[in-house]
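Here are a few exercises to work through with the model open beside you. Try each task before you read its solution.

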Amino acid sequence: IIVGDFNTPLPILDRSLRQKINKDTQDLNSALDQVDLIDIYRTLHTKTTEYTFFSFAHGTYSKRNHTIRHKTIFRKF
């Protein structure tokens, strides 16, 4: 299990509509997919939009805290 503040919203639901997906976020999502890692919260709450960070400078909301776990282990518990 990896828990932390990644300082980036991973799935599209975890960011305001005004935020764009940058190359680093795309690369991180791709790497997580390649090693079968998933965000536990996003797996359990597929449509819920909740944010943990507001940027005053950009006027955007995002969820940047993630709990990442391997898919097979997640299904066991």
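The exercises below go from the whole chain to the sheet, and then to single residues.

This is a predicted model, in which local features need pLDDT of at least 70, side-chain atom pairs count only at pLDDT 80 or more, and totals for chains, interfaces and linings use all residues. Residues are numbered from 1 along each chain as its sequence is written, and side-chain values use heavy atoms, with hydrogens and water left out.

**Exercise 1. The chain as a whole**

Work out which pattern of helices and strands the protein chain follows along the sequence.

Solution. Start with the inventory: the protein chain has three helices and five strands, taken as DSSP runs (H or I, at least four residues, for helices; E, at least two, for strands) and numbered from the N terminus. Reading along the sequence then gives β-α-β-α-β-β-β-α. Next, consider burial: 29% of the 77 residues count as buried, where buried means under 20% relative accessible area, exposed over 50% and partly exposed in between (1.4 Å probe, protein chains only).

**Exercise 2. The open sheet**

Find the strand order of the open sheet of three strands, and explain why one side of β1 and of β2 has no neighbour in the sheet.

Solution. The order is β1-β5-β2, with antiparallel pairing; two strands pair if DSSP finds at least two bridges between them. Because β1 (2-5) and β2 (37-39) stand at the edges with a single partner strand each, one side of each is left without a neighbour in the sheet. Now look at one pairing: β2 and β5 (residues 65-70) are joined by three bridges in the antiparallel sense. Within that pairing, Asp 39 has Ile 68 of β5 as its bridge partner.

**Exercise 3. A helix residue**

Decide whether Thr 25 is buried or exposed, and list what it touches.

Solution. First place the residue: Thr 25 is in helix α1 (residues 23-34). Thr 25 counts as buried because its relative accessibility is 3%. Leaving out residues up to four places away in sequence, Thr 25 touches Thr 8, Pro 9, Leu 10 and Arg 15; contact means heavy atoms within 4.5 Å.

**Exercise 4. Aromatic rings**

Identify the aromatic pair and its geometry.

Solution. Apply the rule: rings of Phe, Tyr and Trp (its six-membered ring) pair if their centres lie within 6.5 Å, with planes under 30 degrees apart stacked, over 60 edge-to-face and the rest tilted. The count comes to one aromatic pair. Phe 54 and Phe 56 form this edge-to-face pair, at 4.9 Å centre to centre and 90° between the planes. Finally, check accessibility: Phe 54 is partly exposed at 29%, whereas Phe 56 is exposed at 75%.
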